[in-house]
Amino acid sequence: MMKAVTTSELTRKFGLLTAVNKVDLEIERGEIFGLLGPNGAGKTTLTKLLATLLTPTSGRAWVWGHEVQSNPHEVRRLIGIVFQDPSIDEKLTGREHLELHARLYGMRNGSQRRERIRLVLELVGLAERANSLLETYSGGMQRRLEIARGLLHYPRVLFLDEPTLGLDAQTRRLIWDYIKELNRREGVTVMLMTHYMEEADYLCDRVAIMDQGHIVALGTPESLKRGVGADVISLQVSGSRDLAELLRRERWIKRVEERDGNLALWVEDGESKLPQVAVLAWERGINIRSMNLEKPSLEDVFLKLTGRRIREEEGDSGEYIKRIIRSRKRR
């Protein structure tokens, strides 16, 4: 079956900098696909290539079977896009803003246009504020309106570039729920560009981790995390040494460490092993004061693949790009 998005060795250079380097991707219809990486990794450049806003230096890309370079008008008809930087006129109401963009999208039938505006406002929870000026909207509400705008013309693929950047944690979670709902109700394929690990983990069916223009890993969030290593069970116990010796005899425990009188156990499928650890301690009369399960995160995946944490690159993306250029000049 035809894919929602396909790329073949897609490359984009800016002088000495290769922002997107021979990227091969296949995104399924109807999935929420995450492109995860730090500022400067090439996520936005890749988005612009797929949205026909940049031309590739080499390689090819298709959206819903249409080649991006040779058929850009058809690609634009099939996509919606929410850019990283806000783009609204605060002197318009929410409804007026969507009415303007619906006309720009060529939605000429007035009754159909008004009904579609009503539906997308309802979808993002802004129906009651449709007639309020955008200058009275919170940052989260403005972001939701931009998502509604991207859905006006029934796109097959929606590109979301850092949709929750700069929003507080509570608003961010609300945006996540709206994205899941629009994916379910509209059947739209979502390509999400983000550097928030928890965002990709919560939303995405599959994730590609991008670093310095390359795709360095691709899979479901769970499969990527499993590739990092085992879960860790942390225990506060009385008689830690006795319990440690007992646990070291269990084949399903990969590793046991004592930490300041407490224990850390490396196991697979930690949730299912918690009761077994409790039973072993109870049979020896050892009191467990607390148990905590730590699972690998996408942050751990990125650290393993690149040798650094993604948050180390969240500062000045311009400086990050300069460091890449300097490093490549030395090669």
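A residue is called buried when its relative accessible area is under 20%. By that standard, buried residues make up 49% of the 331 residues in the protein. The model on the screen is a predicted one.

**The whole chain**

Begin with the entire protein, displayed as a cartoon. Its 12 helices and 14 strands should now be visible. Taken along the principal axes, the C-alpha atoms fill a box of roughly 75 × 55 × 40 Å. Among the contacts with a separation of 6 or more, 69% are between residues 24 or more positions apart.

**Strand β8**

Next, select residues 189-194, which form strand β8. Are these residues buried or exposed? Six of the six are buried, so the strand is largely enclosed by the rest of the structure. Show the side chains and compare the two directions in which they point. Thr189, Met191 and Met193 point one way from β8, while Val190, Leu192 and Thr194 point the other way.

**The partners of β8**

Keep β8 selected and add residues 32-36, which are strand β3. β3 and β8 pair in the parallel sense, over five bridges. To locate this pairing, find Phe33, which stands opposite Met191 in β8.

Now add residues 157-161, strand β7. Which way does β7 run relative to β8? The two strands run parallel, and five bridges join them. Here Asp161 is a useful landmark, since its bridge partner in β8 is Met193.

Extend the selection to helix α6, residues 169-186. Together, β7, α6 and β8 make a right-handed β-α-β unit.

**The second largest pocket**

Clear the selection and turn to an open space in the model. Rolling a probe the size of a water molecule over the atoms shows where empty space is left. The second largest pocket has a volume of about 270 Å³. Select Ile79, Gly80, Ile81, Phe83 and Tyr105; of the 14 residues that line this pocket, these lie nearest its centre.

Which elements give two or more residues to the lining? They are β6 (79-82), α3 (94-104) and α5 (139-151). Of the elements, β6 gives the most, with three residues.

Finally, colour the lining of this pocket by residue class. Seven of its residues are nonpolar, five are polar and two are charged.

Note on methods:
Residues are numbered from 1 along each chain as its sequence is written. This is a predicted model: local features need pLDDT of at least 70, side-chain atom pairs count only at pLDDT 80 or more; totals for chains, interfaces and linings use all residues. Side-chain values use heavy atoms; hydrogens and water are left out. On a 1 Å grid over the protein atoms alone, a cavity is a set of points where a 1.4 Å probe fits but cannot get out, and a pocket is an open set with protein on both sides within 12 Å along at least five of seven lines; lining residues have an atom within 4 Å of a point. Grid points are joined across faces, edges and corners, and a volume is the space filled by probe spheres set on the points. Helices (H or I, at least four residues) and strands (E, at least two) are DSSP runs, numbered from the N terminus. Ala, Val, Leu, Ile, Met, Phe, Trp, Tyr, Cys and Pro count as nonpolar, Asp, Glu, Lys and Arg as charged, and the others, Gly among them, as polar. Buried means under 20% relative accessible area, exposed over 50%, partly exposed in between (1.4 Å probe, protein chains only). Two strands pair if DSSP finds at least two bridges between them. A crossover is right-handed if, with the strands pointing away from the viewer, the path from the first strand over the helix to the second runs clockwise. Contact means heavy atoms within 4.5 Å.
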